[in-house]
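Thanks for letting me take a few minutes today. Please have a look at the sequence and the model on the screen, and then I will walk you through one part of it.

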Amino acid sequence: MTQSKKMARIAYDALNEKKGEDIKIIDIAEVSTLGDYFVIANGNSSSQVTALVDNVEEEMHKAGFSLRQREGLDFGDVIIHVFDKESRDFYNIERAWKDGKEITVKDLD
């Protein structure tokens with residue numbers, strides 16, 4: 001497993017653990033130099049969004065990965081976006097990265 005796959009898997013698991021909704025993993029390695037994966041999820045309330053973000057940060061830190069920028073949870077090869085439902089619908093990041101390939105968590109194993 002590559003480092004970026006491991007990072008995406010940790011992020012997915014951290015979001016899933018706190019019941020993040022509609023978790024998407026988009027492989028952007030072939031279409032961007034920004035990174036290898038976007039992981040996108042939403043929560044139902046501001047407190048859940050905060051819990052999702054905090055859990056991702058904690059689990060990535062435990063695995064030895066450093067946060068480069070908190071806005072967008074930029075870990076270098078993997079960028080995690082966590083929104084409330086309304087903001088996710090408004091920004092529609094999935095559409096912006098439609099040239100990337102949506103994958104499943106099983107593709108990270």
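This is a predicted model, and I would like to begin with helix H2, in which Gln48, Val49, Leu52, Val53, Asn55, Val56 and Met60 are buried. If we look down the axis of H2, these buried residues fall within an arc of 160 degrees, so they line one face of the helix. For those of you who are new to this, an α-helix has 3.6 residues a turn, so residues three or four places apart point the same way.

What do the buried residues of H2 pack against? They pack against helix H1, which covers residues 3–17, and against two strands, E2 at 37–43 and E3 at 78–84. The face of H2 turned away from this buried side carries Ser46, Ser47, His61 and Lys62, which are exposed.

We can also check the length of the helix: H2 has 17 residues, from 46 to 62, and at 1.5 Å a residue they should span 24 Å, which agrees with its end C-alpha atoms being 24 Å apart. Just after H2 comes Gly64, which takes a positive phi of about 90 degrees.

Finally, let me turn to Lys18, which sits in the loop between H1 and strand E1, residues 21–27. Is Lys18 buried or exposed? Its relative accessibility is 36%, and therefore Lys18 counts as partly exposed. Leaving aside residues up to four places away in sequence, Lys18 touches Gln48, Ala51, Leu52 and Asn55. Lys18 and Val49 are 31 residues apart in sequence, while their C-alpha atoms are 9.3 Å apart in space.

Note on methods. Residues numbered from 1 in each chain as written. Predicted model: local features only at pLDDT ≥ 70, side-chain atom pairs only at ≥ 80, totals over all residues. Heavy atoms only, no water. Helix = DSSP H or I, 4+ residues; strand = E, 2+ residues; numbered from the N terminus. Expected span 1.5 Å × (residues − 1). Buried < 20%, exposed > 50% of the residue type's maximum accessible area, 1.4 Å probe, protein only. Arc of directions from axis to C-beta. Contact = heavy atoms within 4.5 Å.
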